[in-house]
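Visitor: Got a minute? I'd like to go through this model with you.
Guide: Sure, put it up and ask away.

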Amino acid sequence: MGIYGIGQYQAKQICDLAGFCPNTKLTLLSANEIALLSQVLSTHYETSSEIKRKRIQNIQHLISNGSYRGFRHSLGLPTRGQQTHSNARTAKKLNKKHSFK
C-alpha cells in the first residue's frame, strides 16, 4: 500500500521522525503508533488530495495566463515538445480525460 506523493526517501524520513524502524509493517503497529504516524504525516508532509489540487491549480494557472503550455493542456496535446505526427496517443488520452478547458 502506498500514499500518493510519498516515496521511499520520504517514508524513511517519516519513520525517523516517528521513531519507527523502516522495516516495521503497519499491521504490527498499535492504534497509538498509527495515530502518531498520521500526525507526523499531516504536520510535515502534503497529502495526496493537496498535491492533486495543487497540480490542477498550476495547470489552470497556465491556461489562464494564455501560455503555450496552457494552450497545449487545453487541447489535450503533449506540452513538452514531443512530436504528434505518429506518437502522442498516451498524452492525447490522458489530457482529454482531465478536460482543463
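Visitor: Which residue follows H4, and what is the sign of its phi?
Guide: Gly 76 follows H4, and its phi is positive, near 80°. Bear in mind that this is a predicted model.

Visitor: And H4 itself, which of its residues are buried?
Guide: Helix H4 covers residues 68-75. Its buried residues are Gly 70, Arg 72, His 73 and Ser 74.

Visitor: New topic. How is the protein divided into domains?
Guide: Domain 1 spans 8-45 and domain 2 spans 49-95. Their centres, taken over C-alpha atoms, are 35 Å apart.

Visitor: How many salt bridges does the structure hold?
Guide: The count is 1. Lys 54 pairs with Glu 46 through their side chains, at 2.7 Å from N to O. In general, side chains of opposite charge can pair when their charged atoms come close.

Visitor: Why does Lys 54 count as partly exposed?
Guide: Because its relative accessibility is 40%, and partly exposed runs from 20% to 50%. Glu 46 is partly exposed too, at 35%.

Visitor: Now the core. Which residues make up the largest nonpolar one?
Guide: It has 10 residues: Ile 6, Ile 14, Cys 15, Ala 18, Phe 20, Leu 29, Leu 37, Val 40, Leu 41 and Tyr 45. Helix H1 (8-18) and helix H2 (31-44) each give at least two residues to this core.

Visitor: What is Ile 6 in contact with, leaving aside neighbours within four places in sequence?
Guide: Ile 6 is in contact with Ala 11, Ile 14, Leu 41 and Tyr 45.

Conventions: Residues numbered from 1 in each chain as written. Predicted model: local features only at pLDDT ≥ 70, side-chain atom pairs only at ≥ 80, totals over all residues. Heavy atoms only, no water. Domains from an automatic or database assignment. Buried < 20%, exposed > 50% of the residue type's maximum accessible area, 1.4 Å probe, protein only. Helix = DSSP H or I, 4+ residues; strand = E, 2+ residues; numbered from the N terminus. Salt bridge = Lys/Arg side-chain N within 4 Å of Asp/Glu carboxyl O. Core = buried A, V, L, I, M, F, W, Y, C linked by side-chain atoms within 4.5 Å. Contact = heavy atoms within 4.5 Å.
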